[in-house]
Every structure is written in structure tokens, then in C-alpha cells.
Amino acid sequence: MGVETWLLLVSVVVLAAWAYSRWRLSYWSSRGVPTPPFHQFLGHTYKAFKASPGAWVFAEEAYTKYGGSSFCGIYEILTPVLMIGDPDILKHIFVKDFDHFTDRRTIKLPNEPDKLMNDMLSVKAGEDWKNLRNIMSPTFTSGKIRGMFPLICDNADVLVSFSLKQAATQPYVDLKDNFGRFTMDTIAICAFGIECNSFEDENAEFANAASKFFAFPITKVIKMIVSLNLPTLSKILNLSIIPSEAKFFKDVIEETIAARLKGHSRGDFLDLLIETRASLDSSSNKRKLLDNRSLLAQGVMFLIAGYDTTASTLAFSSYLLAKNPKEQQRLRQELQEMVQNHGDITYQGIMESKFFDACLMETLRLYPPLPQVDRMCTKTYKMCGSDLVLSPGTIVVVPVWSLHHDPRYWPEPEQFRPDRFMSENRGNIKQFTHIPFGMGPRNCLAMRFALMETKVALAKMILAADLQLAPGYEEIELEFGFGVIRPKKGVKLALTPLNEECDM
Ligand code: HEM
């Protein structure tokens with residue numbers, strides 16, 4: 001072929017690519033939906049990618065400047081996605097018209113070991129999701145959580161005595177690291193009866209594997225973008241987004257399942273799932289949904305879903321209480337009264353502590369560990385209050401962070417004010433503007449467990465020590481890894497023991 005022919009060929013290819021992307025990127029404008037300015041070939045992905053410290057910063061721009069507080073169009077590379085920030089529309093998406101939005105974005109990862117993710121409840125779709133959720137929901141009832149309460153208390157005692165020991169020899173303690181060890185120990189014991197002893201074990205095998213798992217270097221981000229958007233290329237390149245550390249968890253859980261199937265029962269979540277499976281008709285589709293591979297996937301999911309979310313919530317709440325000593329003292333007083341009335345920290349006492357709950361709700365408002373949630377439209381849907389019709393397959397993203405920081409719903413949104421959530425003020429909160437656990441039938445499966453776990457650890461800590469900001473660590477830097485917001489450099493606090501008994 002001559003040079004002219006090559007030039008002609010290249011020009012045709014470039015022109016075709018340009019025309020194709022123009023066509024794809026006119027999806028929202030042709031439907032009258034506003035969009036932030038975008039890149040001709042990369043849509044908004046490059047902006048979300050460039051945004052620091054995380055993609056929710058770009059989402060905030062779309063929310064405040066380009067109509068996202070009602071709704072606006074976003075392009076994930078060339079895929080149109082709808083951001084909805086209007087709480088009245090969200091009520092329909094999450095609850096009233098949930099039958100049109102039962103799924104999250106479909107993830108079908110092509111390579112081992114990623115395929116394990118395809119079996120997790122959090123990514124299942126349609127009837128399979130509904131059946132599996134029905135099977136798994138009873139593992140997180142208040143009765144079951146009450147049963148786990150003593151185990152959580154034991155772990156929280158270890159957390160506090162370890163932190164106080166550190167405080168005796170160091171000017172400050174990295175509580176984020178300690179909370180990470182605590183949540184790992186707690187999920188492992190409550191879900192699988194595994195004692196990780198992360199505080200005693202110098203190498204803290206579980207907690208170390210978990211922090212590597214949740215680290216998010218650029219290579220992982222790129223692999224993730226390619227795997228989610230270009231699965232064929234991902235298959236050819238044999239890319240895997242589940243990091244090698246997951247193999248450690250997979251092996252441990254696999255061994256535990258094998259032991260349980262031989263009859264070594266412990267009464268934890270894994271046993272509850274195995275018992276449920278045994279009660280199902282052997283030929284039923286529901287039973288197939290809980291085969292050994294699925295049990296393994298749900299086990300790994302518990303660790304992924306429960307580790308960083310809960311550890312970050314604990315770290316953010318202790319940071320905010322250290323920064324707001326008056327609120328810390330008010331909380332301590334409520335907790336001391338609770339202990340006086342109930343004789344100890346009890347399940348009931350924690351459930352009744354109203355200011356405690358308000359502090360946690362306010363922490364989750366300021367720092368929602370998951371700054372964005374999504375749904376996929378599964379049936380043609382006409383949006384309420386608009387002519388826009390969504391086709392099946394359209395992804396809807398909900399800017400949780402922006403809703404939580406919108407001054408229209410939260411006066412002085414950056415201030416830590418737990419009183420917003422006290423019963424006399426709760427009536428002022430607009431529905432669907434505080435959604436740290438998502439909403440509707442597909443919300444966080446383990447919300448009550450996560451809140452109880454967080455409250456026990458925080459109550460023990462606040463009763464044992466006064467928390468103060470360490471000099472030089474007054475401000476918190478955020479980072480974004482595996483979809484979760486967390487403190488970038490940990491949370492470094494000075495701890496002053498409040499009574500001798502605790503100063504072990
Ligand atoms: C403070 C801690 C936690 C926070 C803030 C949190 C938040 C969330 C959010 C925002 C969602 C998505 C909800 C939606 O799309 O509407 C979710 C889903 C989920 N979470 Fe949590 N979570 C926490 C702890 C946990 C723990 C400890 C576990 C398990 C041990 C867990 C298990 C799950 C599961 C299985 C789902 C998927 C549910 C489904 O698709 O049906 N979470 N969580």
C-alpha cells in the first residue's frame with residue numbers, strides 16, 4: 001500500500017472514532033439533560049480520575065455547578081450515566097419504584113480469581129439477588145447481633161488496653177491502625193469464628209493483608225478501569241483486580257468452611273448460612289445460590305464490606321470527638337450514666353443512648369465511608385416530575401457525599417453538630433439526604449451490626465481515655481481506596497487515661 005492509501009485509511013479510522021464518540025457523547029444533550037464539560041474520547045472519567053483526593057470531588061462539582069443536585073448526565077468514558085441528587089426522585093429510585101432499580105451496575109469480571117466477586121451478594125442481580133438477600137438477611141437480625149455482643153465487647157477491651165499501653169510510651173497513638181485491627185478481629189470472629197489476635201500478633205497477618213488489600217496504587221486503579229469498561233481487553237491481558245492478598249483470606253475461609261462441613265459448629269454467621277442451606281430443598285434454586293463457592297464469596301465479601309467502612313467510621317468519629325471536646329465530654333457523661341443505670345456497657349444501654357447515636361450519625365454525615373452508591377435501571381422508567389425516560393441498563397449514581405454536605409439541607413454543613421440528629425431536631429431532616437448506609441431494600445445488609453460494633457468500641461474508648469488532637473495532626477487528609485473514603489495518614493490522637501483500672 002502506498003503512503004496515500006495509509007493516510008486515507010488512518011483518516012477514515014480517526015474520523016469514524018470521532019463520529020462514534022460524538023454520537024455516544026450526545027446521549028444526554030439529545031435528551032435535554034445537562035452535563036459538565038467533558039473530554040471528546042474519555043468523557044468525564046479523566047476528570048473523576050484527576051480529582052483529588054477522590055472521584056467524589058468531581059461529583060461535587062457536577063452536583064453543585066451542573067445540575068446534579070436535581071439530575072445531570074455523566075459519561076464514564078463513553079457510557080452515559082445519570083447522577084441524581086434530588087431527594088424526592090431518590091425516594092422513588094430507592095423505595096417506591098425499587099422494582100425498576102433492583103440491581104447495581106453489572107460486573108462480570110472475566111478472569112480468575114476475580115470471578116469470585118461475581119458471586120457476592122453485593123453484585124448479584126435480579127431474582128438471584130432477591131433470593132440470596134432473603135437467605136442472608138436473617139444472619140443480621142437484632143437477636144443474632146445480641147448474641148455477638150459479648151464477643152464484640154471482648155475485642156473492644158483488647159483494643160482499649162492495647163491503645164492505652166501505646167499511649168503510655170508514645171506521644172500519640174494511630175487509632176486508625178488500631179481500629180483496623182479491631183474490625184478485622186471482630187468480623188473474623190463473628191463471621192467465621194476465627195481468632196486473628198491482631199493486637200497480640202506482631203505481624204498481625206489478617207490486618208496486614210487487609211491493609212494491603214485496601215491500598216489503592218495507580219496500577220490497581222488502571223486495572224479496575226480496564227476490567228470494568230473493557231472486559232475483552234482485560235481477558236486478553238489476564239488482568240485481575242482482586243489483589244493477591246485476597247488469596248490469603250480465600251484460603252483461610254475455605255479451610256474454615258471445610259471444617260464446618262465436617263460438623264465443627266460455632267454459632268457464627270457462617271454456621272447460620274450453612275444451617276439455612278441445609279434447611280432448603282436440595283433441588284431448589286435457592287440452595288444452589290449457597291453452594292460452597294458462594295459461601296466462600298460471601299465470606300470474602302463480609303471482610304471487604306465490613307473492614308474499612310467500620311474502621312474508618314471509628315477513626316473519623318474519634319477524630320471529630322477529639323476536635324470537639326465539649327461534645328466528647330457530653331457523650332462521656334451519657335455513657336457514664338448508661339453504665340450506672342445498667343451496671344455495665346450493655347446492648348440495651350447502647351440502644352438507648354440517644355446522644356451517642358447522634359454523634360455517630362453526624363460522623364457518617366460528614367464522612368460517609370461510601371461517598372457514592374449506584375443502581376441500574378432494569379425496566380424502562382419514566383422519571384417522576386420529568387419527561388426523561390430511562391432505558392434498561394442505564395446506571396444511576398447517587399452523590400452521597402454532596403447530599404450530606406449540601407447547605408440547603410444541613411446549615412453550616414462542615415460543622416460537627418450531633419444535635420441535628422437528636423429527636424427534637426430530627427423532624428427538620430429531609431428524607432433521603434442522609435444515606436450513609438444507602439436506602440431501601442438494597443441498603444447495607446449489616447447496618448445494625450456495623451453500628452453496634454462501632455458503638456461498643458467507641459464507648460469503651462471514650463470511657464477509658466480522654467481523646468485530644470496530637471500537635472501537627474489537627475487536620476485530617478482524606479484518601480479514596482476501593483470505593484471507600486478513609487483518613488490518608490491515619491488518625492493520630494493523644495490519649496489520657498481516665499482511671500487507673502483501665503491503665504493496663
Ligand atoms: C459503618 C460501616 C458501614 C457502612 C457505612 C456501610 C455502607 C454501605 C453502603 C452505602 C452500601 C450500599 C447500599 C446501597 O446501595 O443502597 C452497603 C452495602 C452492603 N454492605 Fe455495608 N456498610 C458498613 C458495614 C458493613 C459490614 C460490617 C458488613 C458485613 C459484615 C456490610 C455488608 C454489606 C453488604 C453485604 C452490602 C450489599 C447489600 C446488597 O447488595 O444487598 N457492611 N454498605
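Here is a short chat about the ligand site and the cysteines in this predicted model.

Trainee: What makes Cys 444 a donor of the iron atom of the ligand?

Mentor: Its SG sits at 2.3 Å from the iron, and a donor has to be an N, O or S atom within 2.8 Å of the metal, so Cys 444 qualifies. It's the only protein donor of that iron, and you'll find Cys 444 in the loop between α20 (423-426) and α21 (447-464).

Trainee: Why is the pair between Arg 133 and the ligand called a polar contact?

Mentor: An N or O atom in the Arg 133 side chain is 2.8 Å from a ligand oxygen, and the cut-off is 3.5 Å, so the pair counts. Arg 442 gets there too, with a polar side-chain atom 2.9 Å from a ligand oxygen. Met 439 uses a polar backbone atom, at 3.4 Å.

Trainee: Which element gives the largest share of the shell around the ligand?

Mentor: That's α15, with seven residues. By class, the shell has 15 nonpolar, seven polar and four charged residues.

Trainee: How do you know that Cys 196 isn't bonded to Cys 190?

Mentor: Their sulfurs are 11 Å apart, and a disulfide needs them within 2.5 Å, so that's too far for a bond. In fact, searching the whole structure turns up zero disulfides.

Trainee: And why is Cys 196 called buried?

Mentor: Buried means under 20% relative accessible area, and Cys 196 has 11%, so the label fits. Cys 153, at 10%, is buried as well.

Methods. Residues numbered from 1 in each chain as written. Predicted model: local features only at pLDDT ≥ 70, side-chain atom pairs only at ≥ 80, totals over all residues. Heavy atoms only, no water. Polar contact = N/O pair within 3.5 Å; in protein donor to acceptor, adjacent residues only side chain to side chain. Helix = DSSP H or I, 4+ residues; strand = E, 2+ residues; numbered from the N terminus. Nonpolar A, V, L, I, M, F, W, Y, C, P; charged D, E, K, R; others polar. Donors = N, O, S within 2.8 Å, 3.2 Å for Na, K, Ca; no water. Buried < 20%, exposed > 50% of the residue type's maximum accessible area, 1.4 Å probe, protein only.
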